[in-house]
Amino acid sequence: VEFNLLLHQAIDDVSNDRFPVTLSESIYLAGLRAQALIGNYHDDIEYSDYVAVIEQVIPKHLCHRVHPDDIRRKHHEYSDLSEQECNEAYMAFIQQWPLYGSTVFEVIQAYTTTLPKNLWLAVNEVGIHILK
């Protein structure tokens with residue numbers, strides 16, 4: 001139960017841009033989710049199934065840069081993985097982030113001009129971290 005909760009929080013964090021991912025990383029994660037959600041790749045999978053994965057998993061600012069065929073190719077690569085293996089690979093990737101487990105806040109700072117106005121503030125057991 002705890003694993004599924006953490007997984008769904010991680011998916012939500014990625015799709016809502018609270019976890020920093022590149023375009024290629026988001027396609028990798030979407031391919032894993034496609035395998036977990038749709039099952040093994042086959043030629044009859046609807047284009048709309050991949051569009052749905054993009055809408056659910058890819059951060060909003062990257063959605064327009066991802067084509068369903070990108071997800072289809074990654075899905076095909078992961079065809080032999082079980083749903084559990086895909087979920088574990090997704091979480092293993094997310095847990096590599098040094099600030100995994102932090103609570104991240106979007107903030108607007110007005111203290112100095114040396115930092116951007118819009119920042120992320122991450123709080124964890126180690127301390128407080130400012131992210132540009």
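In this predicted model, Asp70 and Arg73 are joined by a salt bridge whose closest N and O atoms lie 2.8 Å apart. Both residues belong to helix α4, which covers residues 68-77, and because they are three residues apart in that helix, about one helical turn separates them. Arg73 is an exposed residue, with a relative accessible area of 52%. This value places Arg73 in the exposed class because the class begins over 50%.

Helix α4 holds another pair with the spacing just described. The side chains of Glu77 and Lys74 meet in a salt bridge, with an N to O distance of 3.6 Å. Glu77 and Lys74 are likewise three residues apart in helix α4, so about one helical turn lies between them. The two partners fall into separate accessibility classes: Glu77 counts as exposed at 53% relative accessibility, whereas Lys74, at 22%, counts as partly exposed. The distance of 3.6 Å in this pair qualifies as a salt bridge because the criterion is a nitrogen within 4 Å of a carboxyl oxygen.

The structure holds five salt bridges, and a further one is found between Arg18 and Asp12. Here the side chains meet at 2.3 Å, taken from N to O. Arg18 is partly exposed, its relative accessible area being 30%, and Asp12 is also partly exposed, with a value of 35%. This pair does not stand alone, for Asp12, Asp13 and Arg18 are linked in a network of salt bridges.

The account now turns to the strands. An open sheet is formed by three strands in the order β1-β2-β3, and their pairing is antiparallel. The edge strands of this sheet are β1 and β3, each of which pairs on one side only. From one strand to the next, the twist averages 25°.

The pairing can be followed strand by strand. Strand β1 comprises residues 103-108, and six bridges join it to strand β2, residues 118-123, with the two strands running antiparallel. Individual partners show the register of this pairing: Glu106 has Trp120 of β2 as its bridge partner, and Val107 has Leu119 of β2. In a regular strand, side chains alternate between the two faces of the sheet.

On the other side of the sheet order, β2 pairs with strand β3, residues 128-131, in the antiparallel sense over four bridges. Within this pairing, the bridge partner of Ala122 is His129 in β3. The strands β2 and β3 form a hairpin with four residues between them, and in that hairpin Gly127 takes a positive phi near 160°.

A surface feature brings together residues from this part of the chain. Phe105, Val123 and Ile128 form a nonpolar patch on the surface, and together they have about 280 Å² of accessible area. Phe105 is found in strand β1, while the range of β2, residues 118-123, ends at Val123 and that of β3, residues 128-131, begins at Ile128. Phe105 is partly exposed, with a relative accessible area of 42%. Phe105 thus meets the accessibility requirement for a patch, because that requirement is a relative accessible area over 30%.

Note on methods:
Residues numbered from 1 in each chain as written. Predicted model: local features only at pLDDT ≥ 70, side-chain atom pairs only at ≥ 80, totals over all residues. Heavy atoms only, no water. Patch = residues over 30% accessible without salt bridge, like charges linked within 9 Å, V, L, I, M, F, W, Y side chains within 5 Å. Areas by Shrake-Rupley, 256 points an atom, 1.4 Å probe, with all protein chains shown as cover. Buried < 20%, exposed > 50% of the residue type's maximum accessible area, 1.4 Å probe, protein only. Pairing = 2+ DSSP bridges. Axes fitted to C-alpha atoms, helices over the stretch in contact; angles between N-to-C directions.
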